[in-house]
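Reader: I would like to learn how to read a helical model, one feature at a time. Could you walk me through this one?

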Amino acid sequence: QPVRHSGARHAPRRPGRSSSGSGCSMWEKAAHQRARQLFLALTTAYTLITGYAFVRTTADAGLRARTGGDWVRCVLLFTPVFIAMHLAAHGLHAMVLGARQSAKKQSAPWFASHVVSMAHALVVTVAALSNLVLLWDAPAAGKLGTRTPPVGAPWVGAYPLIAAVGELFTAWLLYDLFVVCAQWSYLGSLETLAHHVAFLAAAGVLRGYYFAPWQATACLCMEASTPFLNICQLKEALGLSKRSPLVIGSFGCFALNFLVFRILLLGSALTHLIFHWNEGPWLETPPSRAVPADELLPPVPSWAAYALLILLVAAFVMMISWFNRIIAILAGPAAGGAEQLPSDESDAAPDTPRVARRTRHELSDEEELALVNV
């Protein structure tokens, strides 16, 4: 008699999948390798494109004071460029990796957003650090944006440079606000929305009245920690373990840069503003000498100075709060009390079901989004 089979069908095994069920399959490893190559290629290309375009637009203006027209032209140039970069990265990710990457932190929108963010942060950081060097030896009035800078002073060139960096940052905020709203299920949160609107308002005050270059430089230098956080945020998309040297090293560099730029430098800029308040341009009398029209800077109202002070105090308090959280994460294993659980599937037994492996010192998804916003 013919052998009768039961009605049960065995699901075909994916090629390369370990029979024990542990580890990654060959297609997952290949997908992660392709994701890393795509990430490196796109980040390099986008950084070079953004940097070249920024240098060209800044060099064309020279050392003259940047006008409102320069601001509009820069925003109208870079916002569509960032959107095009995002769409290209989104499409390439979907084409190279297919539709398998459906999890939020392995999705095309998540990948594209962090690639554009990293390229933007690298360009802004280099430009802001250059401005920091230019302003380092400037007098207090010069760091606050005096309306009558001395002719020929070496730090005068910092004024148009930091204004141009602020315009680039404004363009990125507008781009990110657009993609967050367009891809809300992957990238959106009310914190992100509030953060971007607040920073657009701050950029409008600083750039609109063209003052406080030292404080603006300190704020833009905070982007130095962003590329390291981008790598940590992309660990799932790139197939990196939480215990991999790259992820651990990136988080360590992120914490160090957070301390240097978001705590020490921002705190010093806030202190400088408070102690040299009486030297600010909002208390200056109109210039007695004739100033060419292309060098004339707008007067600064007192409310703009107070708004800047409030924003800097709020930002500094927020940075202190988040730095305490970062210290808690770094000190987690040594602090005791944290439940020691495997960090990825390769550490678990083959027949162990997948469970949430979060210790009290790890960030939740909501906390990670908030940290990216900061």
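**Reading the helices**

Author: Gladly. Of the chain's 374 residues, 47% count as buried. Please keep in mind that this is a predicted model.

Reader: How many helices and how many strands does the chain have?

Author: There are 13 helices and zero strands. As for contacts in the chain with a separation of 6 or more, 80% of them come from residues 24 or more positions apart.

Reader: Let us take a pair of helices, then. How are α3 and α5 oriented to each other, parallel or antiparallel?

Author: The general idea is to look at the angle between the two N-to-C directions, where a value over 145 degrees counts as roughly antiparallel. Here α3 and α5 pack at about 165°, and their axes are 10 Å apart. The two are therefore roughly antiparallel to each other. Their crossing is left-handed.

Reader: Which residues make that contact?

Author: On the α3 side they include Ala112, Ser113, Val116, Ser117 and His120. On the α5 side, Trp172, Tyr175 and Asp176 are among them. By class, this contact of α3 with α5 divides into 16 nonpolar, five polar and one charged.

Reader: Is there a general idea that helps me read such a residue list?

Author: Yes, and it is about spacing. An α-helix has 3.6 residues a turn, so residues three or four places apart point the same way. In this case, you can look for that spacing in Ala112, Val116, His120, Val123 and Ala127 of α3, which are among the contact residues.

Reader: Now a single side chain. Where does histidine 86 lie, and is this residue buried or exposed?

Author: Histidine 86 is part of helix α2, which spans residues 68-97. A residue counts as buried under 20% relative accessible area. Histidine 86 has 2%, so this residue is buried.

Reader: Which side chain does histidine 86 join in a polar contact?

Author: The partner is glutamine 183, at 3.0 Å between the side chains. Leaving aside residues up to four places away in sequence, histidine 86 touches Pro109, Ala112, Ser113, Val116, Tyr175, Val179, Gln183 and Leu187. Ala112, Ser113 and Val116 of α3 and Tyr175 of α5 also belong to the contact between those two helices.

Reader: What about a short helix such as α8? How many of its residues are buried?

Author: Eight of the nine residues of α8 are buried, leaving the helix mostly covered. The buried ones are Pro213, Trp214, Gln215, Ala216, Thr217, Ala218, Leu220 and Cys221. Among the elements that cover them are α3, α4, α5, α7, α10 and α11.

Reader: How does α8 cross α10?

Author: Helix α8 (residues 213-221) and helix α10 (residues 245-275) have axes that come within 9 Å and cross at roughly 170°. These helices are therefore roughly antiparallel to each other. The crossing of α8 past α10 is left-handed. From α8, the contact uses Trp214, Gln215, Ala218, Cys219 and Cys221, and from α10 it uses Phe261, Leu265, Leu266, Ala269, His272 and Leu273. Sorted by class, that gives nine nonpolar, two polar and no charged residues.

Reader: And how does α10 pack with α11?

Author: Their angle is about 155°, with axes 10 Å apart. So α10 and α11 are also roughly antiparallel, and their crossing is left-handed. This contact has 23 nonpolar, one polar and one charged residues.

Reader: Is cysteine 253 of α10 buried or partly exposed?

Author: Cysteine 253, found in helix α10, is partly exposed, with a relative accessible area of 33%. Its C-alpha lies 9.8 Å from that of alanine 224, while the two residues are 29 apart in sequence.

Reader: One last feature, the backbone. Which residues in the loop between α7 and α8 should I look at?

Author: The general idea is that most residues other than glycine have a negative phi. Tyrosine 210 has a positive phi of about 55° although it is not a glycine, and this tyrosine is in the loop between α7 and α8. Alanine 212, in that loop too, also has a positive phi of about 55°. Tyrosine 210 is buried at 8% relative accessible area, and alanine 212 is buried at 0%.

Key: Residues numbered from 1 in each chain as written. Predicted model: local features only at pLDDT ≥ 70, side-chain atom pairs only at ≥ 80, totals over all residues. Heavy atoms only, no water. Axes fitted to C-alpha atoms, helices over the stretch in contact; angles between N-to-C directions. Helix = DSSP H or I, 4+ residues; strand = E, 2+ residues; numbered from the N terminus. Parallel < 35°, antiparallel > 145°, perpendicular 65-115°, else oblique. Left-handed = near helix turned anticlockwise from the far one by under 90°. Contact = heavy atoms within 4.5 Å. Nonpolar A, V, L, I, M, F, W, Y, C, P; charged D, E, K, R; others polar. Buried < 20%, exposed > 50% of the residue type's maximum accessible area, 1.4 Å probe, protein only. Polar contact = N/O pair within 3.5 Å; in protein donor to acceptor, adjacent residues only side chain to side chain.
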